[in-house]
There are 2 protein chains.
Amino acid sequence: MSLKATILDKGLEGLFVQATIGIEKEGQRVDQDGQISQNLHPKRFGSRDFHPYIQTDFAESQLELITPVCGASTDALRFLGAVHEVTIRQLAEDEYLWPLSMPARLPESSAILEAQMADEDRRYREYLTEKYGKYKQMVSGIHYNFGLSPAFFQALASEKGSLTETRNLVYMKLARQFLRYQWLLIYLLGASPLAPDRYFEGGEALDSPARSIRSSRFGYVNEPHVHVSFDSLDQYIKDLRHLVDTGDLIAEKELYETVRFRGAKSVKDLPEKGIEYLEFRLFDLNPFAPYGMTPEDARFVHLFLMGLLWIEETPDYRAGLPLKEATALAHPLTPAADIAEAELVFEALLEMAEQISLSVSDRELLLDKRSQISQPEKTVGGQLWQTYEASGSMLEVGLNLARSYKSAVMEKPFGLQAFSEMELSTQAFLADAIQYGFAVEILDERDQFVKLTFADHIEYVKNGNMTSQDSYISPLIMENKVVTKKVLAQAGFQVPESIQVTSLEEAEQVFSLVCSKPIVIKPKSTNFGLGISIFEKGITDKGDFLKAVELALLEDKEVMVEDFIVGTEYRFFVLGDETKAVLLRVPANVIGDGVSTVKELVAVKNTNILRGDGKSTPLKKIELGELEQLQLKAQGYTVDSVISEGETVYLRANSNISTGGDSIDMTDEVHPSYKTIAVAIAKVMQAKVCGVDLIIPDITLPADSSPTSYGIIEANFNPMMMMHIFPAKGTSRRLTTDVLKMLYPEYPWSS
Amino acid sequence: MSLKATILDKGLEGLFVQATIGIEKEGQRVDQDGQISQNLHPKRFGSRDFHPYIQTDFAESQLELITPVCGASTDALRFLGAVHEVTIRQLAEDEYLWPLSMPARLPESSAILEAQMADEDRRYREYLTEKYGKYKQMVSGIHYNFGLSPAFFQALASEKGSLTETRNLVYMKLARQFLRYQWLLIYLLGASPLAPDRYFEGGEALDSPARSIRSSRFGYVNEPHVHVSFDSLDQYIKDLRHLVDTGDLIAEKELYETVRFRGAKSVKDLPEKGIEYLEFRLFDLNPFAPYGMTPEDARFVHLFLMGLLWIEETPDYRAGLPLKEATALAHPLTPAADIAEAELVFEALLEMAEQISLSVSDRELLLDKRSQISQPEKTVGGQLWQTYEASGSMLEVGLNLARSYKSAVMEKPFGLQAFSEMELSTQAFLADAIQYGFAVEILDERDQFVKLTFADHIEYVKNGNMTSQDSYISPLIMENKVVTKKVLAQAGFQVPESIQVTSLEEAEQVFSLVCSKPIVIKPKSTNFGLGISIFEKGITDKGDFLKAVELALLEDKEVMVEDFIVGTEYRFFVLGDETKAVLLRVPANVIGDGVSTVKELVAVKNTNILRGDGKSTPLKKIELGELEQLQLKAQGYTVDSVISEGETVYLRANSNISTGGDSIDMTDEVHPSYKTIAVAIAKVMQAKVCGVDLIIPDITLPADSSPTSYGIIEANFNPMMMMHIFPAKGTSRRLTTDVLKMLYPEYPWSS
């Protein structure tokens with residue numbers, strides 16, 4: 001029975017659609033003139049000895065960006081996007097990621113720095129350079145790794161013999177079919193029409209534009225006599241081993257077919273171990289996609305590969321090879337080489353889409369690609385050629401695109417656009433983890449749940465800083481203000497005295513205890529400032545006191561009547577034995593220039609890229625609502641008042657970042673004694689990560705043991721990080737990296 | 001200015017009422033005949049070397065139960081109640097706690113076993129026995145430790161000189177006033193009218209009943225010439241040191257005044273260190289109070305002590321001493337010795353109550369005590385005498401009370417009635433901690449937050465098993481079913497395959513993946529069983545499938561479609577490296593006897609002391625509501641059906657304990673391989689305490705690696721403990737003790 005018939009017969013449509021997809025994308029770092037960069041691979045990417053995502057190919061300048069194995073092409077593309085964002089942010093100021101497969105400029109061969117890898121790798125690369133020349137190695141592309149679901153094979157195997165055998169048979173078919181029909185992919189996606197000076201040095205030269213020089217014999221290919229048969233796995237292994245044994249190839253991996261079997265260190269082990277997945281090495285970079293391939297094309301490749309399995313094989317896959325070469329070398333504006341065959345393939349693809357109920361968007365994608373069969377100007381290569389012709393310079397085309405991709409990333413430095421559905425702090429944390437080379441896995445996107453792996457060391461992280469390092473009891477203590485206070489007081493800290501009441505009767509009884517002291521009355525557990533009353537000068541009227549308790553009782557059954565300490569509140573971010581950051585939050589404000597109105601000053605302040613909705617940005621835009629206008633009125637202003645130069649006008653009474661407040665880093669300004677106190681407080685809370693809020697009258701004076709020296713407001717678990725990483729003013733404190741350092745002390749942080 | 005005037009003038013009423021109170025209560029273990037017990041101090045109380053609550057006095061049988069320092073007399077009494085509950089539960093079956101100060105029987109002196117304490121203590125006690133005789137040492141009483149608020153002294157000090165000096169002056173006044181007016185407390189609370197045979201052996205005998213033999217010169221008192229002056233602290237120190245230096249006393253602590261200064265190892269250090277609190281040693285056990293003193297009397301003593309400070313001193317406190325002896329030796333039904341003075345004192349107390357706005361109940365308490373001045377039959381001593389006269393035997397009176405107090409405790413073995421507002425598991429945990437001698441502090445009663453201390457080792461515990469031992473990430477992982485599954489699957493466990501959908505459209509797309517498999521459809525995060533559909537035979541109809549998803553979507557935005565494993569669900573309670581308990585939950589049921597109706601069988605089953613509301617009891621009473629009747633109907637029964645002998649009739653489809661289900665301990669029945677798996681699952685969850693729910697087809701067969709061998713339902717943090725500690729059937733597993741053992745490996749558990 002054919003594979004198609006079996007799928008339909010056994011109802012395996014759902015399993016057939018499932019796939020694992022991973023992408024490797026090469027790309028050159030270039031300078032502002034499009035020259036291959038002479039800078040070394042940035043140290044901030046950690047070591048290439050272990051980095052799972054950011055590697056180099058032949059040249060030191062040639063980045064290889066790698067995604068993990070994903071459950072869908074969109075996920076792989078998304079991850080590729082994240083790796084790009086991280087990579088681009090670490091480039092030198094005048095560096096760009098070249099968006100085309102083919103460099104626009106090649107320097108003297110000797111000026112190309114080979115990748116600075118470990119010794120063994122280096123020797124292998126030197127051999128290749130010797131044999132193929134440096135220039136061909138400078139061409140970049142995408143490798144598309146593709147596997148079918150284990151459950152799919154399991155369901156097939158009961159029909160067709162052993163699991164491994166089934167897997168190998170299916171993947172062999174897929175490999176042959178790919179070789180048979182890859183010319184169509186080159187037609188649709190190929191995009192390396194021109195080669196720069198020096199490229200053909202010392203060999204046959206191509207003198208007309210082509211669809212994909214990279215995919216033709218002018219690309220980085222084996223010598224003409226190097227061939228293996230894909231008729232059977234056994235034959236493939238025999239041929240490849242022979243080439244290695246006779247010295248035609250120095251190693252199996254020197255075979256540059258567009259498809260490669262993965263799953264064993266040596267192909268000899270494949271019959272027993274089974275092919276795990278296929279690596280398709282065919283793809284040119286799509287210069288119009290910021291990451292070298294559009295999500296639509298990644299999905300199309302998946303559907304195309306499924307289609308290849310769906311279609312019955314023709315007698316000999318080798319019939320596809322001349323078509324491949326012809327398509328690669330054809331002018332980018334030439335229609336498909338075999339329109340009839342192309343139509344047949346798409347007919348089969350659409351029939352498959354129908355039979356296995358693929359989504360509407362999948363079908364539209366297939367229809368769109370089919371329409372390009374006789375419309376070469378719509379293919380990637382066709383579009384690139386037209387853009388080139390309009391510009392007259394491939395260098396210009398490439399640089400323009402590179403610049404726009406870089407600035408799109410640099411405009412949003414705080415998060416990871418690929419994971420914009422997650423919290424900013426988790427985005428920043430992921431960015432750091434990817435940059436330094438920790439394997440990351442999003443376990444639950446909505447729940448901000450991430451898994452990290454470095455060597456064998458696994459850590460789970462939720463919300464950016466909730467980790468295994470903290471004890472379970474620690475957040476439970478901090479969650480409960482009464483318990484927090486008791487624990488702190490018993491440890492000898494100056495905790496504002498606090499009385500808990502649950503009714504007005506109880507309040508009446510405690511009045512004499514607090515009478516004439518400065519006090520704050522607040523609900524036991526609310527974090528939004530509701531129901532809080534402050535009597536800074538001391539309370540003397542019992543009626544006022546009871547009124548305030550009544551207000552607080554609306555928010556919680558239990559109300560705290562607490563000593564009030566005069567001073568300014570600072571947030572201390574403690575991590576382990578150190579206060580990593582100290583922050584002052586200031587109410588929303590503008591500073592006058594003697595010319596602009598409040599409205600204008602707010603508009604200017606709101607252009608800061610850090611300001612936005614406060615969720616996808618570290619800070620919030622200042623609004624000019626009722627509360628802000630009331631606040632202005634209290635100061636004798638309206639939104640149209642012109643504010644004199646240097647004068648600060650506050651638009652809010654509260655200092656929350658969520659209402660447009662400024663975050664000001666004060667880490668270096670605060671007297672170290674308070675930092676020590678904050679660390680000690682975190683230790684008593686048994687917390688490794690802790691946000692300690694202290695009220696301090698004067699941060700320049702050292703803390704002492706008098707009850708007015710400082711006051712502890714509260715200790716917070718899972719403290720905010722973004723306001724420290726991107727403060728409105730002052731030094732950025734990269735706390736997400738500090739969390740990583742805490743989790744992985746064994747990582748080579750110095751390098 | 002007088003203290004009273006200062007309090008009123010400075011508005012210190014609120015601070016004046018605050019006090020720290022701690023109680024020590026002695027009491028004999030006796031056998032069922034009222035004989036002093038010959039059993040050794042129970043080993044399960046841990047060691048007397050460190051036990052903060054359960055100690056022995058002179059005799060091995062003479063328990064000394066101690067409360068921590070509390071903020072109110074009610075708290076101290078409550079804790080005393082808890083210590084009693086714990087103590088009484090550990091007594092031998094035929095042992096009781098003798099409720100009177102005076103034993104009803106004394107054996108031969110040689111038959112009284114001295115307390116088996118450390119060597120040094122023992123030598124001191126031998127000296128005392130030699131000097132005072134064993135019999136007087138057998139009398140028990142209550143010591144009431146009393147301190148005023150530090151803030152009160154602080155407020156006073158600014159007026160009256162140094163803080164320590166102020167404190168010492170105030171406490172000296174209180175001590176003198178106590179000596180001056182203690183006769184009134186003896187009148188109201190004294191209750192040791194008769195002495196048993198042998199008591200007066202070798203000395204002067206008392207031949208008529210008295211109010212308080214214990215408080216008279218016939219009690220355990222110093223030799224007549226031993227006296228110290230309380231006129232000033234200096235004079236007191238001088239006198240006491242002289243008595244020690246001349247050898248009249250072997251140590252300061254041999255001075256048996258009814259008031260003792262606390263705060264320094266030697267009285268010499270008191271002027272500098274300051275008196276911390278006073279210990280009043282006056283009180284006879286109140287036999288009508290299960291713990292030797294009623295909460296009302298404990299409050300009255302507090303108010304009385306406040307009153308002593310409120311009242312101006314008379315020229316010489318010594319005027320009270322003859323009154324004390326006269327009151328102690330008067331017949332219990334004699335009115336107060338000096339009615340006029342008594343009335344004056346109560347007038348002052350009531351005036352104080354008025355002036356500092358004490359509560360209505362406080363005033364009523366004072367009025368009630370005042371009414372006893374000329375009604376001796378209402379005093380504790382008067383009541384005891386009348387009870388004795390009615391019975392004719394003090395032995396009978398004491399034994400009856402002792403038996404009733406013991407059975408009240410034994411009727412509710414699962415919790416701690418003193419802390420009945422807390423969860424049962426926390427009650428059981430506290431009971432264990434008190435029993436073994438951990439210092440416990442309730443940090444937040446409503447929040448089940450407890451602090452434990454052993455030597456210098458502090459641990460915080462919430463809800464009985466949420467501790468510092470678990471990592472913060474562990475409950476976060478378990479809270480999230482998707483993450484839990486991924487983590488378990490990646491660790492190689494057989495996790496039922498699971499697909500997450502968030503809409504009917506998504507559900508439609510996955511149908512082919514689950515079609516014809518046994519599946520369960522459930523909301524991502526609900527624990528109440530709502531929205532769960534099970535297709536045990538495999539689902540084939542897409543409409544049914546979508547309907548089930550729709551139901552689940554009503555409960556949560558995310559729905560899990562999961563493989564369903566056939567078998568029975570068991571709860572594995574894992575602690576550290578061990579599965580400590582395995583439990584099977586069975587739906588509410590009754591077993592027929594061939595005679596009784598369902599209604600009758602349920603009524604009988606509900607008499608089990610373990611059954612109640614399910615909150616203050618480990619199990620829930622079975623109800624006969626609509627659901628139960630429907631369930632009966634489905635089996636062809638009504639509540640009036642007679643069930644044949646041995647037949648089990650289920651009243652519910654679900655097995656929740658909260659709907660009357662039975663908990664059956666299966667720890668010893670389950671094949672050990674599953675216990676090992678449960679431990680491994682907990683380890684992967686990074687949990688020290690974990691409740692693992694496994695579905696197992698046959699618990700007698702070892703687990704294997706086939707996908708149907710077992711299924712993991714979920715892993716729970718903060719798993720329930722009571723159902724294991726008090727199962728409906730099978731062996732009790734004292735998990736609360738296991739938690740203590742986990743937290744304190746250094747504790748001498750073997751002893």
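In this predicted model, 4 salt bridges are counted between chain B and chain A. One of these pairs K524(B) with D444(A), whose closest N and O atoms sit 2.8 Å apart. Polar contacts add to the picture, with 14 residue pairs counted between chain B and chain A, both partners at pLDDT 80 or more.

As for where chain B meets chain A, the elements of chain B that give two or more residues to the touching side are helix 2 (13–17), the strands 8 (439–444), 9 (449–454) and 10 (457–462), and the helices 17 (473–479), 18 (481–490) and 19 (504–514). Helix 18 of chain B supplies the largest share, at 5 residues. Sorted by character, the residues on this side of chain B come out as 17 nonpolar, 11 polar and 11 charged. Overall, 39 residues of chain B are in contact with 39 residues of chain A. Between them the two chains, B and A, bury about 3500 Å², and 58% of that lies on carbon and sulfur atoms.

Turning to a single site in chain A, T667(A) lies in the loop that runs between strand 21 (662–665) and helix 23 (672–684). With a relative accessible area of 3%, T667(A) counts as buried, because that label applies under 20%. The side chain of T667(A) makes a polar contact of 2.6 Å with the side chain of D665(A). Leaving aside residues up to four places away in sequence, T667(A) touches K580(A), A581(A) and V582(A), along with K675(A) and R733(A).

Conventions
Residues numbered from 1 in each chain as written. Chains lettered and ligands numbered in written order. Predicted model: local features only at pLDDT ≥ 70, side-chain atom pairs only at ≥ 80, totals over all residues. Heavy atoms only, no water. Helix = DSSP H or I, 4+ residues; strand = E, 2+ residues; numbered from the N terminus. Buried < 20%, exposed > 50% of the residue type's maximum accessible area, 1.4 Å probe, protein only. Polar contact = N/O pair within 3.5 Å; in protein donor to acceptor, adjacent residues only side chain to side chain. Contact = heavy atoms within 4.5 Å. Buried area = accessible area lost by both parts, 1.4 Å probe. Salt bridge = Lys/Arg side-chain N within 4 Å of Asp/Glu carboxyl O. Nonpolar A, V, L, I, M, F, W, Y, C, P; charged D, E, K, R; others polar.
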